[in-house]
Amino acid sequence: MSTVTLGPSGTYSHRAARAVSDGDVSFRESVTSIVEAVASGDADRGVVPIENSIEGSVTETLDALADYDVAVTQEVVTPIKHALLAQRDAFDVVASHPQALAQCRGFLEDAYPDVHQEAVASTATGVERAREDPSVAAIAHPDNADDEPGEGALRVLAEDVQDRTSNATRFFVIAGPGEKSEAGGKSTFVVYPNANYPGLLLELLEPFAERDVNLTRVESRPSGERLGDYCFHLDVEGGLYEDRTQEALAVVRDLCENGWVRELGSYDVKTVVS
Ligand SMILES: O=C(O)C(=O)C[C@]1(C(=O)O)C=C[C@@H](O)C=C1
């Protein structure tokens with residue numbers, strides 16, 4: 001089974017993908033291209049970051065899940081422990097994924113206030129930059145450091161540099177739309193009511209509360225249609241095999257008669273500590 005995730009080798013997405021896939025893992029340069037590859041059938045599975053405990057939603061993922069028809073087949077939660085990696089103690093630039101830079105904002109401002117922060121496509125892209133250029137450091141998983149000294153070798157200058165000791169990211173494992181399942185303890189929907197009136201959000205959420213279905217995440221994202229118009233991303237603690245989830249969803253579908261509801265399916269959660 002082919003799995004695609006954010007590359008190059010050594011990203012946190014790669015670590016999460018390795019933990020859940022028994023076949024080849026190959027790389028794409030953006031979350032959108034991963035979702036696109038799975039939706040078009042070019043890859044069987046994709047692993048994409050969805051939310052971080054310090055920095056919140058990965059908005060590119062939310063928008064891609066609203067735009068492409070795919071299934072969520074599993075959620076993977078993994079602790080994120082960042083290291084500062086460089087060839088030498090002094091550097092002018094620190095390169096990493098914007099989420100990782102943001103998760104280490106306090107550390108970087110305190111310890112390296114004059115160092116320029118460069119946002120790159122992934123933490124492992126930052127590692128490549130630091131290997132090529134001694135004036136660049138990277139924020140990434142410490143396993144990206146080199147064991148032996150040598151040309152371009154990276155050392156760990158500091159470990160656990162995230163601003164909170166508890167730092168975790170949730171990833172979704174995605175598959176083609178034919179693999180949507182009703183089985184699992186959680187379900188995810190993207191809801192676009194294409195309407196705006198007082199109490200609309202309350203009306204969308206009440207059907208779950210009334211049936212004792214716990215909501216674990218509600219996010220609003222701009223629909224892209226007009227200013228102030230939103231899609232809502234809902235994660236619920238309930239499977240689509242359950243009557244209470246189906247009944248709540250039926251009410252939501254009625255409320256969205258001028259818009260749409262995308263069901264991404266039901267799935268279970270796996271915690272990976274690595
Ligand atoms: O750049 C990486 O290593 C990624 O896998 C992306 C990503 C993210 O988008 O949140 C994944 C986990 C961490 O939160 C930091 C970065």
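Which domains does the domain assignment of the protein give?

1. The assignment yields domain 1 (3-78 + 169-271) and domain 2 (83-165), with bounds taken from an automatic or database domain assignment. The model is predicted: local features require pLDDT of at least 70 and side-chain atom pairs count only at pLDDT 80 or more, while totals for chains, interfaces and linings use all residues. Residues are numbered from 1 along each chain as its sequence is written.

2. The centres of domain 1 and domain 2, taken over C-alpha atoms, are 30 Å apart. Their contact (C-beta atoms, placed from the backbone, within 7 Å) involves 14 residues of domain 1 and 16 residues of domain 2. On the side of domain 1 that touches domain 2, 5 residues are nonpolar, 6 polar and 3 charged; Ala, Val, Leu, Ile, Met, Phe, Trp, Tyr, Cys and Pro count as nonpolar, Asp, Glu, Lys and Arg as charged, and the others, Gly among them, as polar.

3. Each of the two domains, domain 1 and domain 2, contributes at least three residues to the shell around the ligand. A residue belongs near the ligand if its C-beta atom, placed from the backbone, lies within 6 Å. Of the 15 residues there, Thr 11, Ser 13, Gln 99, Ser 122 and Thr 123 come nearest. The shell has 7 nonpolar, 8 polar and no charged residues.

4. An open sheet of 5 strands follows the order E8-E7-E9-E6-E10, with mixed pairing. Strands (E, at least two residues) are DSSP runs, numbered from the N terminus, and two of them pair if DSSP finds at least two bridges between them. Strand E8 (116-119) and strand E10 (155-159) each have a single partner strand, so one side of each lacks a neighbour in the sheet.

Notes. Two residues are in contact if their C-beta atoms, placed from the backbone, lie within 7 Å. Helices (H or I, at least four residues) and strands (E, at least two) are DSSP runs, numbered from the N terminus.
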